[in-house]
Amino acid sequence: MASLGYDDTDFIPGQPYRVHDSQRPQPLVITPGAEVGAPPSDAVVLFDGSDLSEWESVKDPDADVGWKVEHGYMEVVKGTGDIRTVKQWGDCQLHVEWAAPEKVQGDSQGRGNSGVFLHSSDISSGYEIQVLDCYNNPTYADGTTGGIYGQFPPLVNACRKPGLWQSYDIIFDAPVWDEGWLVVPAAVTVLLNGVLLHHRQEAMGPTGHKNVATYSTPDPEVGGLRLQDHGDAVRFRNIWVRSLAGYDAE
Ligand code: MG
């Protein structure tokens with residue numbers, strides 16, 4: 001076969017390859033999902049609408065998860081607590097679909113509140129991308145749908161009406177620590193319903209409530225993905241993740 005590239009061009013600065021290098025490894029071929037939003041072939045499916053086998057209760061990992069599964073979605077059951085994935089990830093791409101309750105109740109942070117936490121094993125760790133019904137529901141800016149809670153409001157409010165399905169596509173860069181020192185903060189890119197909300201936004205630290213987030217203790221290299229029970233019957237479906245770090249700790 002004829003060479004597909006060149007062997008006499010200059011090296012690209014910072015890379016071991018030439019421009020159009022004929023020897024450069026090819027990107028891995030994967031099969032994208034058949035429909036928009038469907039998991040590609042290299043994704044780990046965390047919820048396909050049928051069961052919660054990839055999830056566990058944060059309060060008691062040995063207990064029943066407690067969230068309702070029906071009609072292809074899972075639904076928060078008030079008081080059961082947050083749930084997290086059994087598996088853990090570092091850098092990753094996450095797809096989550098969610099819907100706030102169709103029947104509007106409450107206001108501000110009390111309406112359709114949940115959350116998607118990245119890099120989180122318990123309720124005091126991780127980085128929350130807020131889930132909230134922000135359709136005609138004013139609240140504080142850094143608690144808006146898609147906000148990095150308590151730190152950065154989304155660039156826009158792209159929330160659909162309550163009851164409608166909405167999608168998050170999140171790219172998470174895990175923080176890097178070296179011997180107790182933070183070297184690189186966590187960063188997220190977030191799209192809601194295909195609209196960019198954050199672009200490589202560095203987090204100030206793990207999510208808190210009514211306090212300024214800071215990095216204090218080193219994060220583990222990998223963490224679970226956690227969904228919040230904030231007392232509202234928010235629904236989730238079609239959840240999948242792709243590791244971007246080359247490891248996928250069990
Ligand atoms: Mg929340």
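Along the chain, the donors that hold the magnesium ion follow the spacing N-S-x13-E-x1-Q-x97-Q. This pattern comes from a predicted model, so let us match each letter to a residue as we go. The ion is coordinated by N113 through OD1, S114 through O, E128 through OE, Q130 through OE1 and Q228 through OE1, at 2.2 to 2.4 Å. Two of these donors make a good example of how a fold gathers its residues. S114 sits in strand 7 and E128 in strand 8 (residues 127-131), so this pair, 14 residues apart, links distant parts of the chain. Both S114 and E128 are buried.

Now step back a little along the chain, to the loop between strand 6 (92-99) and strand 7 (114-118), where you will find R111. Q109 is found in that loop between strand 6 and strand 7 too. Is Q109 buried or exposed? Q109 counts as buried because its relative accessibility is 12%, and the cut-off for buried is under 20%. The side chain of Q109 also makes a polar contact, at 2.8 Å, with the side chain of T139. If we skip residues up to four places away in sequence, Q109 touches Q130, L132, T139, Y140, G143, Y149 and H230. You have already met one of these: Q130 is among the donors of the magnesium ion.

What about the charge on R111, and which side chain of opposite charge is nearest? R111 is buried yet has no salt bridge, and that nearest side chain, D133, is 4.5 Å away. A salt bridge requires a side-chain nitrogen of Lys or Arg within 4 Å of a carboxyl oxygen of Asp or Glu. Beyond its neighbours within four places in sequence, R111 is in contact with V104, Q105, G106, L132, D133, Y135, N136, N137 and D232. Notice that L132 appears among the contacts of R111 and also among those of Q109.

Our next stop is E56, which has its place in strand 2 (residues 55-57). E56 counts as buried because its relative accessibility is 17%. Setting aside neighbours within four places in sequence, E56 is in contact with P61, V65, D82, I83, R84, T85 and V86. E56 and V234 are 178 residues apart along the chain, and their C-alpha atoms are separated by 17 Å.

Finally, look at the whole chain. The protein chain is divided into domain 1 (1-28) and domain 2 (44-243). The C-alpha centres of domain 1 and domain 2 lie 40 Å apart.

Note on methods. Residues are numbered from 1 along each chain as its sequence is written. This is a predicted model: local features need pLDDT of at least 70, side-chain atom pairs count only at pLDDT 80 or more; totals for chains, interfaces and linings use all residues. Side-chain values use heavy atoms; hydrogens and water are left out. Helices (H or I, at least four residues) and strands (E, at least two) are DSSP runs, numbered from the N terminus. Buried means under 20% relative accessible area, exposed over 50%, partly exposed in between (1.4 Å probe, protein chains only). Lys and Arg count as positive and Asp and Glu as negative; His and the chain ends are not counted. Contact means heavy atoms within 4.5 Å. A polar contact is a pair of N or O atoms within 3.5 Å; within protein, one must be able to donate a hydrogen and the other to accept it, and residues adjacent in sequence count only if both atoms are side-chain atoms. Donors are N, O and S atoms within 2.8 Å of the metal (3.2 Å for Na, K and Ca); water is not among the atoms, so sites may look incomplete. Domain bounds come from an automatic or database domain assignment.
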